[in-house]
Amino acid sequence: MTPEQPPFPAREPVDFAIIGAGAAGGIFARELAAAGFDVVLFEQGPFRRASDFTHDEIAVMLNSELLGGGAAVHGQTFRDDPGKTAQVPAGGPPPAMYAQGVGGSTVHFSGNFWRFRESDFRERSLLGPIAGTNFADWPITYEELEPWYTKVEWEIGVSGAPGPSDPPRSKPYPLPPMPVKSAGVLLERAARKLGLTAQAAPLAILSQPYRGRAACVNCGWCLGFGCEVGAKSSTLAALIPDALATGRLEIRSECAVYRLETDAHGRVSDVLYYDAERREQGQKARAVVLCANGAETPRLLLASASGRFPDGLANSSGYVGRNLMWNCHGEARGVFEHPLNEHKGVQTTRIILDFYEADPARGFYGGGGLDARPFLSAGPIMHALLGMPPDLPRWGAEFKEWLAWSFTRQMMILASTTSLPLDRNNITLDPTHQDAWGRPAIRVTYRDHDDDLATARFLQEHAMALLDAAGAKRAWATPVAPQTIGAHLLGTCRMGDDPETSVTDRWHRSHDVPNLFVCDGSSFVTSGRGQPTETIMALAFRAADYIVRAARANEI
Amino acid sequence: MDGDGLTRRGFVQGSGAVAAAAFARLGAAGVLALGQAACRARDEGAAFTTLTAAEARELEAIAARILPATDTPGAREAGVAWFMDRALGSFMQSNLPFVRQGLRAFQEAIPATYPGARAFSDLDEADQDAWLAPHEGQPFFELVRLLTVAGFLGMTSYGGNRDHVGWTLLGIDPAAHTHTHPFGWYDARAARGEPDDA
């Protein structure tokens with residue numbers, strides 16, 4: 001039973017308004033409500049329960065059910081050059097892609113759950129400057145964040161086993177790794193031959209029952225889908241029930257925030273939003289935690305410009321929306337003699353991190369990880385549409401025969417790599433387009449840095465070599481090209497000690513607005529290696545701890 | 001979903017985790033209602049509600065060349081025409097005029113080219129393939145191909161994939177909602193502790 005939610009009055013300030021119920025927002029809701037504060041959590045998507053999730057590829061993949069619908073809803077525009085007029089893409093998911101709904105993208109992600117390493121936080125010091133970029137150290141270190149990584153893993157349930165080059169951890173994983181799949185066995189074989197190391201993939205998916213939640217049933221529908229048994233450790237499954245049990249949390253789902261108002265003192269005072277019937281509403285709040293993701297967060301700040309904050313709220317630095325980082329990607333696919341049946345079980349069980357660190361000897365900045373997985377070929381429709389070799393006939397008996405033969409025999413090796421922070425890659429307000437609520441559309445301007453593409457190609461070559469070493473009967477690679485869609489939305493409100501080059505301080509408090517906190521993927525200073533969610537959640541637990549202490553000391 | 005979103009380039013350009021729904025602009029609502037309606041219409045011979053019988057016959061004929069019956073059932077046997085009828089009457093309704101117009105244009109020159117034939121379905125299979133081939137890559141073909149694949153491999157509640165012939169062809173057990181490790185040949189060997197001799 002879901003506890004009854006307190007209906008907080010809109011005209012009296014609630015202690016905290018949290019905007020966005022995803023990886024970070026679910027944590028803030030739980031932590032702030034459990035600490036005794038009254039909290040309203042805003043989420044523009046619906047409040048689905050585990051029983052609402054399906055294996056329906058048409059609804060989820062074709063109809064973008066969990067993404068909030070198609071272009072008519074999101075209105076997002078894209079361009080690869082700031083000199084161009086951004087356009088609504090003709091097809092495909094929105095350029096800035098995220099799930100809408102309580103739990104956010106932790107609902108539909110694959111659960112890959114890598115910690116960052118020590119080097120991720122101070123690469124600028126380790127490697128030196130990179131011309132034409134905003135490459136910088138983080139204001140915090142791995143050591144400072146480590147206890148919060150551990151807290152994440154034990155709070156939500158993470159399955160894994162330590163690898164040889166992992167950063168230090170203060171506690172082991174709470175759950176053993178998922179059993180190795182055939183793609184993992186083949187990756188191990190290939191790594192052995194090539195002198196690399198395949199290690200167990202850490203996953204925010206339960207390998208055993210944990211804290212009243214069921215273990216994974218290996219249905220195979222992780223990537224892009226919600227988990228119908230609650231074994232995926234989304235904030236929806238792992239934290240929202242606790243948060244509601246406090247009796248101090250009201251979730252306003254299907255409520256889309258369009259503006260933050262400030263008072264005469266320059267403090268945030270009101271959250272303006274459209275309710276489920278698209279009526280304009282307002283909620284007063286003593287403080288606001290903005291964690292709407294790296295696209296929605298800067299949009300809201302930019303859309304909250306006022307006479308006092310003419311360039312957008314919390315944007316005296318001009319860094320709101322800048323430095324968008326998607327992580328770059330390279331992929332290679334192969335088919336094998338015997339069935340792998342990668343459509344069963346989690347996406348990935350083995351990863352290779354030998355190329356994690358940047359190496360100046362390569363001639364370009366970057367690093368990344370490799371994993372073995374079905375990717376979208378976990379589902380039959382997406383396999384047919386996206387998983388075929390490039391030279392295969394696309395219709396007719398040969399197409400059908402290969403489709404039938406390959407579904408159980410195919411795997412991908414996916415490289416997830418770095419992105420450099422650049423001025424030209426950013427989120428701004430589209431001057432003409434709007435979303436379904438009438439808000440200025442998110443305008444994405446993005447072109448991967450040459451070093452990012454070089455890193456993806458470098459790892460793609462290793463992926464091809466691994467498929468060959470694994471004994472693939474046939475392998476092929478889609479050429480790495482500048483990306484036009486990103487599911488990792490990082491860097492657009494970076495944290496830092498210098499108010500001139502960052503949006504928040506090291507505790508996620510706005511440099512400009514003392515009762516406004518920003519914490520989500522936008523807080524990142526560098527991109528990591530393509531699995532950002534655990535770091536978003538560790539930052540959120542750390543920030544929540546600070547915010548609770550500051551609120552109790554009356555320092556907000 | 002617009003026809004020009006269906007090109008292969010559009011499908012593959014989002015490399016990495018971001019291709020997750022690389023053609024996903026079908027528009028949203030009404031999916032559940034669609035499934036329920038399609039269930040009722042599943043029986044062979046159920047009337048089409050959106051397409052005319054002639055349109056359904058021609059679209060089915062095209063689908064049957066995209067996924068032909070071989071030693072296993074193809075798109076026709078999977079009831080893809082019923083899926084198309086439901087899809088174009090609901091969540092892909094905005095594409096219906098495009099499909100209708102595209103089908104007309106697709107067939108327009110058939111009578112002049114093949115004396116005695118009035119429609120695509122009048123041609124024999126070899127002529128159908130020859131007629132179809134130059135259309136590959138064009139928005140109409142790509143949309144029909146997408147509908148064919150989705151109707152062949154989607155959940156049966158949408159009216160296609162009749163008797164799970166599509167899933168069965170690919171090796172998916174339609175009765176298995178969950179799975180037990182080991183899943184495949186290689187992990188089964190590893191689980192038995194057999195040496196990897198490859």
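**Two sheets in chain A and an all-helix chain B**

In this predicted model, strand β11(A) pairs with strand β12 (residues 410-417) of chain A across 6 bridges, and the two run in the antiparallel sense. One spot where this pairing can be seen is Gly369(A), whose bridge partner in β12(A) is Ser416(A). Strand β11(A) also has strand β10 (residues 350-352) of chain A as a partner, again antiparallel, but here the link consists of 2 bridges. Across that link, Ile352(A) sits opposite Leu370(A) of β11(A). As general background, the strands of a sheet are held in pairs by backbone hydrogen bonds, and the pairing can be parallel or antiparallel.

Is β11(A) mostly covered or mostly open? It turns out to be mostly covered: the strand spans residues 368-373, and 6 of its 6 residues are buried. The residues of β11(A) split into two groups by direction, with Gly368(A), Leu370(A) and Ala372(A) pointing one way and Gly369(A), Asp371(A) and Arg373(A) pointing the other way. Both groups are buried, and that includes Asp371(A) and Arg373(A).

Stepping back, β11(A) belongs to an open sheet of 6 strands in chain A, arranged in the order β4-β10-β11-β12-β9-β15 with antiparallel pairing. The edges of this sheet are taken by β4 (198-200) and β15 (474-477) of chain A; each has a single partner strand, so one side of each goes without a neighbour in the sheet. Going from one strand to the next, the twist averages 25°.

Chain A also has an open sheet of 3 strands, ordered β3-β14-β13, and in this one the pairing is mixed. Here β3 (77-79) and β13 (426-434) of chain A are the edge strands, and because each has a single partner strand, one side of each is left without a neighbour in the sheet. On average, neighbouring strands of this sheet are turned by 35° against each other, if direction is ignored. The parallel part of the mix can be found between β3(A) and strand β14 (residues 440-445) of chain A, which are joined by 3 bridges. Within that pair, Arg79(A) stands opposite Thr445(A) of β14(A). A helix comes into the picture too: α9 (residues 296-303) of chain A lies across β13 and β14 of chain A, at about 65° to β13(A).

What about the nonpolar core? The largest one takes in 221 residues, and those with the most contacts inside it are Ile18(A), Ile19(A), Ala29(A), Val39(A), Val288(A) and Ala540(A). Leaving aside residues up to four places away in sequence, Val288(A) touches Ala17(A), Ile19(A), Leu260(A), Val268(A), Val271(A), Asn515(A) and Leu516(A). In soluble globular proteins, nonpolar side chains tend to be buried together.

How many helices and strands does chain B have? The count is 10 helices and 0 strands, so its pattern along the sequence is simply α-α-α-α-α-α-α-α-α-α. Of the 198 residues in chain B, 47% are buried. Taking contacts in chain B between residues at least 6 apart in sequence, 65% join residues at least 24 apart.

Finally, a word on confidence. For the complex, the predictor gives an ipTM of 0.95 and a pTM of 0.94. Chain B has an average pLDDT of 83, with 76% of the residues scoring at least 70. Residues 1-43 of chain B have a pLDDT below 50, although this stretch makes 134 contacts in the model beyond near neighbours in sequence. Where pLDDT is low, the predicted coordinates should not be read in detail.

Methods
Residues numbered from 1 in each chain as written. Chains lettered and ligands numbered in written order. Predicted model: local features only at pLDDT ≥ 70, side-chain atom pairs only at ≥ 80, totals over all residues. Helix = DSSP H or I, 4+ residues; strand = E, 2+ residues; numbered from the N terminus. Buried ≥ 20, exposed ≤ 12 C-beta atoms within 10 Å, placed from the backbone. Contact = placed C-beta atoms within 7 Å. Pairing = 2+ DSSP bridges. Core = buried A, V, L, I, M, F, W, Y, C linked by C-beta atoms within 7 Å. Axes fitted to C-alpha atoms, helices over the stretch in contact; angles between N-to-C directions. pLDDT = per-residue confidence, 0-100.
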